[in-house]
Amino acid sequence: MKDIKENDSLVIGRNAVTELLKSGREVENVMIAKGEREGSINRIIALCKEKRIVIKNVDRRKLDALCAGANHQGVAANVPAHEYVSVEDILAFAEEKGEKPFIVICDEIEDSHNLGAIIRTAEACGVHGIIIPKRRGVGLNFIVAKTSCGALEYMRVARVTNLAETIEKLKAQNIWVYAADMDGQRWDKTDFSGGAALVVGSEGSGVGRLIKEKCDVTVSLPMLGRVNSLNASVAAGIIMYEIAKQRLD
């Protein structure tokens, strides 16, 4: 792997990315400059499809900027800043501690700073693990790691293919699932006792319809000002601390 050139979370160059994909190492996504479809790029695309890795077609100028002027040859891969675990690992950790599971599920969080902030607060609140989707959401990149201020090193994060199926499996294990969204019952009037999984939606559209339908309860925060929503990480933090408070009472 010595020929792999890395710039923070990036592996750049055709040979380097090809070897990365063949190595079996975790890959968030592969970015290919628009119009690049010749030679070894086709091999990279085939490997991505074989391993079900997301391909993003990006403007060459954006790729130039991301790679800080290095010769990327039209391709770069994002690698995670931390290893993922399984959902079973998260549940096992809660069991080892003799505690009811406390999980946060991020539904299409796209801002790295928000995910990092959620991880930081989750660690402080005693959350056992965080679940994120493999697609349509940010992964554990280096901005997430930096924003978490070290908390990522202590937080178990699972990345799943299907959030809806994962929620059903959690519910089957007697874990109640709470969607943080508008038009729900007050967060401070909600009983969070027992196993709990809090679903936090995307910055723009909140919790998706299908995911919300899978949840047991919707909880909301009263908005007393003129804006009608809070930053995802702020809203998540307020509710996480309410769950933590009830566990301490």
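I started at I239, setting aside its neighbours within four places in sequence, and found contacts (heavy atoms within 4.5 Å) with A180, W187, F192, L198, V219 and L221. The model is predicted: local features need pLDDT of at least 70 and side-chain atom pairs pLDDT 80 or more, while totals for chains, interfaces and linings use all residues. Residues are numbered from 1 along each chain as its sequence is written, and side-chain values use heavy atoms, without hydrogens and water.

Next I looked up the largest nonpolar core, meaning buried Ala, Val, Leu, Ile, Met, Phe, Trp, Tyr and Cys residues joined through side-chain atoms within 4.5 Å; buried is under 20% relative accessible area with a 1.4 Å probe, protein chains only. This core has 37 residues, and L115, I118, I119, I130, I239 and M240 touch the most other members. Among the elements that each supply at least two residues are α5 (112-124), β7 (129-133) and α9 (232-248). I took helices (H or I, at least four residues) and strands (E, at least two) as DSSP runs, numbered from the N terminus. α9 gives the most, seven residues. I noted a second, separate core of 20 residues, which includes I105, L163, A164 and V199.

Then I traced the sheet, counting strands as paired if DSSP finds at least two bridges between them. Six strands form an open, parallel sheet in the order β8-β7-β6-β10-β9-β11. β8 (157-160) and β11 are at the edges with a single partner strand each, so one side of each has no neighbour in the sheet. Six bridges join β9 to β10, and Y178 has L198 in β10 as its bridge partner.

Last, I checked α9, which lies across β6, β9, β10 and β11 and runs at about 170° to β10. Axes are lines fitted to C-alpha atoms, for helices over the stretch in contact, with angles from 0 to 180 degrees between N-to-C directions.

Conventions:
Buried < 20%, exposed > 50% of the residue type's maximum accessible area, 1.4 Å probe, protein only.
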